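Visitor: I am new to reading protein structures, and I would like to go through one slowly with some help. Could we look at the model together, one question at a time?

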Amino acid sequence: MSTQNRAEAVIDLNAIEANIKLLMAKSGKPALAVVKADAYGHGLIPVAQRALKAGATWLGVALLDEAIALRESGINAPILAWLTPITDDFSSALENEIDIAIPSIAHLEVLLEAAEKNKKVPRIHLEVDTGMSRGGALLEWDELIHKARTAEKNGSLKVIGIWSHFARADEPGHEFNLQQRETFERAVASARSLGINPEVVHLSNSAATINDSDSHFDLIRLGIAMYGLSPDIKTMGGSRELGLIPALTLRARLHLVKDVPAGSKVGYGGTAETKVDTKLGIVAMGYADGVPRNATSEVGVLVGNKMSPIIGRVSMDQFVVDLGKESQARAGDWAFLFGSLIGNDKGDSYTSDNCYTADSWATACGTINYEIVTRIGPRVKRIYID
Ligand SMILES: *Cc1c(COP(=O)(O)O)cnc(C)c1O
């Protein structure tokens, strides 16, 4: 492993494979691996390749550019892109055989225009809004499916999928989930009654995959759980309770280690002060790298098997931790923020009791683990364990 990087996200592809296999085995359904946002910060191409090797048969992304990057890497599996503003270059989607989510008549019309120009037959997934009021057609649904069916009869498109998205799947048993599923089933039935016969009907994200087998339909869309993180630690438990292995370990070098006396103010604003004589570690990673500026002393790093809390404000490129007076840490040592490979490079087992986790970072920063991993910046080198 390189010793030249100041900061690394070490991604264990074996963990991603194990997580996908577990979730597919439990649901018994084919899986679409969600690799948007650079595979939740884990690296688009290596994760997509490994997800397919693990048995996922579909890939899902938000952006068309993400889908095209996958094609350019040589991936042939079906790819669905679901956040394509009508100003996108749909010709490139058609050339690359990207499936496009259609949430409105406007999207359908723009895509059909591009298809006519390029003499292609687009593959679409009709998206229905079942209660989240974000993506998908709501009042337009009936008109949308009529128009789609007419175009399909003319041979101008193929309806590959019908799908929607849950707002509260991380609250197992909440009646809103049942309402969404029933609305979804009615929307699918309306489409079928017109003669639309999709290959795949899909609704479940990670949380619904784990909590609600009635919502699996033909395909599960696996996001956060395939990366080994829990969709919601409060309602569903953490990685360990779910049998998942966090795939990403985040670490940075100690730039400095130094003794300071009691009463030393630390960082911008002098917001923290050492209570006793102690040793501080300056960690070479900051908010420009995705370490939230509002992180508190509830979290920190593991150095030499010792949990060392943050002291003072996180800066752009660095933050300070309290190593304790007796610490043997030296400048250049790794400081581990979170992950399964903490403490060594070989993959010792994950114990959340004696180290910080993406979940404890999220809690300390008032956010969710999704944001902790996706915001790791481009200056942090991605390293792969294969
Ligand atoms: C991000 C996303 C997912 C995955 O969600 P997780 O909660 O990470 O499993 C699934 N479907 C759609 C449409 C998404 O945008």
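Visitor: How many Å separate an oxygen atom of the ligand from a polar backbone atom of Gly223?
Guide: Please keep in mind that this is a predicted model. Two atoms take part here, an oxygen atom on the side of the ligand and a polar atom in the backbone of Gly223. Since a polar contact needs N or O atoms within 3.5 Å, the pair is worth noting, and its distance is 3.1 Å.

Visitor: Which residue has a backbone N or O atom 2.7 Å from an oxygen atom of the ligand, and which has a side-chain N or O atom at 2.6 Å?
Guide: For the side chain, the residue is Tyr370, with an N or O atom 2.6 Å from a ligand oxygen. For the backbone, where the distance to an oxygen atom of the ligand is 2.7 Å, the residue is Ile224.

Visitor: How much of the accessible area of the ligand does the protein cover?
Guide: On its own, the ligand has 380 Å² of accessible area. The space that the ligand takes is the largest pocket, and the part of that area covered by the protein is 93%.

Visitor: How do the residues of the shell around the ligand divide into nonpolar, polar and charged?
Guide: The residues around the ligand include Val34, Trp82 and Trp163, and also Lys36, Asn205 and Arg221. Sorted by kind, the shell holds two charged residues, four polar ones and six nonpolar ones.

Visitor: Tyr40 is also among the residues around the ligand, so is Tyr40 buried or exposed, and what is its phi?
Guide: Tyr40 belongs to helix 2, which covers residues 36-40. Its relative accessible area is 6%, and because buried means under 20%, Tyr40 is buried. Most residues other than glycine have a negative phi. Tyr40 has a positive value, near 50 degrees.

Visitor: Where is Lys119, and is Lys119 buried or exposed?
Guide: Lys119 sits in the loop between helix 6 (105-118) and strand 6 (123-127). Lys119 is not a glycine, yet its phi is positive, at about 55 degrees. With a relative accessible area of 73%, and because the cut-off for exposed is over 50%, Lys119 is exposed.

Visitor: Which side chain makes a polar contact with the side chain of Ser91?
Guide: Ser91 is part of helix 5, residues 90-95, and Ser91 is buried, with a relative accessible area of 18%. The contact joins two side chains at 2.9 Å, and the partner of Ser91 is Asn118.

Visitor: Which residue has its backbone oxygen 3.3 Å from a polar side-chain atom of Ser308?
Guide: Ser308 lies in strand 15, residues 306-309, and its relative accessible area of 1% makes it buried. The backbone oxygen at 3.3 Å from the polar side-chain atom of Ser308 belongs to Lys306.

Visitor: How many Å separate the C-alpha atoms of Arg253 and Tyr40?
Guide: Arg253 is in strand 10, residues 248-260, and is buried, with a relative accessible area of 16%. Along the chain, Arg253 and Tyr40 are 213 residues apart, while their C-alpha atoms are separated by 23 Å.

Visitor: How far apart in space are Arg293 and Ala189?
Guide: Arg293 is placed in the loop between strand 13 (278-283) and strand 14 (300-303), and at 47% relative accessibility Arg293 counts as partly exposed. Arg293 and Ala189 are 104 residues apart in sequence, and from C-alpha to C-alpha the distance is 48 Å.

How values were computed
Residues are numbered from 1 along each chain as its sequence is written. This is a predicted model: local features need pLDDT of at least 70, side-chain atom pairs count only at pLDDT 80 or more; totals for chains, interfaces and linings use all residues. Side-chain values use heavy atoms; hydrogens and water are left out. A residue is near a molecule or strand if one of its heavy atoms lies within 4 Å of it. A polar contact is a pair of N or O atoms within 3.5 Å; within protein, one must be able to donate a hydrogen and the other to accept it, and residues adjacent in sequence count only if both atoms are side-chain atoms. Accessible areas come from the Shrake-Rupley method with a 1.4 Å probe; for residues, only the protein chains shown count as cover. On a 1 Å grid over the protein atoms alone, a cavity is a set of points where a 1.4 Å probe fits but cannot get out, and a pocket is an open set with protein on both sides within 12 Å along at least five of seven lines; lining residues have an atom within 4 Å of a point. A molecule sits in a cavity or pocket if more than half of its atoms lie within 2 Å of its grid points. Ala, Val, Leu, Ile, Met, Phe, Trp, Tyr, Cys and Pro count as nonpolar, Asp, Glu, Lys and Arg as charged, and the others, Gly among them, as polar. Helices (H or I, at least four residues) and strands (E, at least two) are DSSP runs, numbered from the N terminus. Buried means under 20% relative accessible area, exposed over 50%, partly exposed in between (1.4 Å probe, protein chains only).
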